[in-house]
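Here are some notes for a reader who has not met this structure before. They take up the aromatic side chains, then a charged part of the surface.

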Amino acid sequence: MSNQYNPYEQNQSYELPSYKGGNNDDFVKFMNEIADINANLDNYEELVKIIEQKQTQLVNEVNPDQENSLKRQLDSLISESSSLQLSLKSKIKNAQQLAIGDSAKVGQAETSRQRFLQAIQDYRIIESNYREQQRVQAERQYRVVKPDASPEEVRDAIDDLGGQQVFSTALLNANRRGEAKTALQEVQSRHRELQRLEKTMAELTQLFHDMEEMVVEQDQHVQETENLVDTAQQDIEKAVGHTDKALTSAKKARRKKCICFWICVLIICILALILGLGFGVGNWGR
């Protein structure tokens, strides 16, 4: 990327704020990760603004050389934004995973995620507006050759290049050959640009959904943790129940042993009494 359109020429690097003075090294490391994400978000938002500016210039550009230069610049900017998007997605997902279980960290990671979602949505709107501008330009070029074309015919020519017969017929007409050739090149160029835009918008839409689902994934992880805690609690309660039953059974067993003991004592006493009386009566008879 040349200095003419480099979005970072005024600020080639970001100094990450350092969170010092804390006793928790893990939290300090996490906050430095968040600072890195925010610096990348700054770059991304600035990049999207410059893409919008270049697109506006391209729509209004009439000089072929300048137009080609702007297209190359846009291609470079869009490629850079795609790389940055993937990096941000990975970093934010990692921050969310590191934040699980800590409400302060969760809040920081969620703020970054929401900011990225908003930046993606802004980019989608910019691309949608640019797509409509490209369609209007392509329609205008097509109607140069066929002013009475129906809306359906114009749409087919722009979307699928299905209206090439009109250009072929016009190219056979010497009076309109130049106009038809220029119009055909313009429509073909707009068609390729519209295809690129559709691809970019599809990628942004998928990225937006992926970022939305990240919080769902985190909720599932938290839910799994809660389920494990609930299961452990239930196991503890069952263990306590089994212990209570064992204690009750032990008490009943001891009670039965006591009863048996005293029954045996009573039987022994009765036998001793009977034997004592028997010996006593025998002695008295002699």
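1. Rings of Phe, Tyr and Trp count as a pair if their centres lie within 6.5 Å, and a pair with planes over 60 degrees apart is called edge-to-face. In this predicted model, the count by that rule is two aromatic pairs.

2. One pair joins Y44 and F116: the ring centres are 5.6 Å apart and the planes stand at 75 degrees, which makes the pair edge-to-face. Its members come from distant parts of the chain, with Y44 in helix α1 (residues 25-60) and F116 in helix α3 (residues 103-145), 72 residues apart.

3. Are these two residues buried or exposed? Y44 has 0% relative accessibility and so counts as buried. F116 is buried as well, its relative accessible area being 0%.

4. Y44 also pairs with Y123, at 6.4 Å centre to centre and with 70 degrees between the planes, again edge-to-face. Because Y44 belongs to helix α1 and Y123 to helix α3, this pair ties together parts of the chain that are 79 residues apart in sequence. Both Y44 and Y123 are buried.

5. Which residues make up the aromatic cluster? Y44, F116 and Y123 form one cluster. Y44 takes part in the pair with F116 and in the pair with Y123.

6. The surface has a separate point to record. K251, K252, R254, R255, K256 and K257 form a positive patch there. One of these residues, K251, lies in helix α6, which covers residues 177-285.

How values were computed. Residues numbered from 1 in each chain as written. Predicted model: local features only at pLDDT ≥ 70, side-chain atom pairs only at ≥ 80, totals over all residues. Heavy atoms only, no water. Patch = residues over 30% accessible without salt bridge, like charges linked within 9 Å, V, L, I, M, F, W, Y side chains within 5 Å. Areas by Shrake-Rupley, 256 points an atom, 1.4 Å probe, with all protein chains shown as cover. Salt bridge = Lys/Arg side-chain N within 4 Å of Asp/Glu carboxyl O. Lys, Arg positive; Asp, Glu negative; His and termini not counted. Charge placed at Lys NZ, Arg CZ, Asp CG, Glu CD. Helix = DSSP H or I, 4+ residues; strand = E, 2+ residues; numbered from the N terminus. Phe/Tyr/Trp six-rings, centres within 6.5 Å; stacked < 30°, edge-to-face > 60°. Buried < 20%, exposed > 50% of the residue type's maximum accessible area, 1.4 Å probe, protein only.
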